[in-house]
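Here's a quick tour of one model, with an eye on its pocket, a hairpin and a loop. Have the viewer open as you read.

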Amino acid sequence: VLRSDVTGEVVMKTYLTGMPECKFGLNDKLMMQGEGKRRESGSIEMEDVSFHQCVKLGKFDSDKAVTFIPPDGEFILMKYRVSENINLPFHVLPIVKELGRTRLEVNVKVKAQYSSVTGLNVIVRIPLPPNTAKVTPVTAAGKAKYEPETSELVWRMRKFPGDTEYALSAEVEMSARIEDKKAWSRPPISME
């Protein structure tokens, strides 16, 4: 794994009469980036935190509770990013075999590391060489399509239940170009 992060937002929908002050408490294991404290094991450090203009920032700094007087309707209360201590939801096992100078065999297995929920709109992006001419993907789950603009085989799955493993295999035919002297660097697979 080269990089992983979680980007999230807290969306509120309120229809309250008057102007009540609301509090949204955060876990006591939460730390904000740049607090200067020693990290405790198991703590979660949030980065790039931004709040809606209705949040009283002074109270957040002192007691880690988001205090606000909400506007009517739907709004984004806060946005955040976490990049450490993340339990990855998927395990990806790629196998790429070079079959001569103009053919590849790609096999990718993706296993859900969670059990009781279902992942929605999961996308796996598998980079292919820039001289790819034809891709023949086979999968029992979702749909896979070669996108020549980005030189990627994009595998989309609408639903990915927990404790499930799906596999994709593809035969890749490449055009033989004389000017290609350097080997393909095999960039990493990415997921959304």
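The notes below go through the pocket, then the hairpin, then one loop residue.

## The pocket

Keep in mind that this is a predicted model. Its largest pocket comes out at about 1,000 Å³ in volume. There are 33 residues in the lining, and Arg3, Val92, Ile189, Ser190 and Met191 sit closest to the pocket's centre.

As for chemistry, the lining of the largest pocket splits into 24 nonpolar, five polar and four charged residues. Strands E7 (90-98), E8, E9 and E14 (190-191) each put at least two residues into that lining. E9 is the top contributor, with six residues.

## The E7–E8 hairpin

Two of those pocket-lining strands, E7 and E8, also make a hairpin, with four residues between them. In the turn you'll find Gly100, whose phi is positive, at about 90°.

The pairing of E7 with E8 is antiparallel and runs over nine bridges. If you want one to click on, try Pro94, whose bridge partner in E8 is Val108.

## The loop after E8

Follow the chain out of E8 (103-112) and you get to a loop that leads into E9 (118-127); Ser116 is in that loop. Is Ser116 buried or exposed? Its relative accessible area is 70%, and the cut-off for exposed is over 50%, so Ser116 counts as exposed.

Ser116 also has a partner from elsewhere in the sequence: Gly162 is 46 residues away along the chain, yet the two C-alpha atoms are 5.9 Å apart in space.

Methods
Residues numbered from 1 in each chain as written. Predicted model: local features only at pLDDT ≥ 70, side-chain atom pairs only at ≥ 80, totals over all residues. Heavy atoms only, no water. Buried < 20%, exposed > 50% of the residue type's maximum accessible area, 1.4 Å probe, protein only. 1 Å grid on protein atoms, 1.4 Å probe; cavity = no way out; pocket = protein on both sides within 12 Å on 5 of 7 lines; lining within 4 Å. Points joined across faces, edges and corners; volume = space filled by probe spheres on them. Nonpolar A, V, L, I, M, F, W, Y, C, P; charged D, E, K, R; others polar. Pairing = 2+ DSSP bridges.
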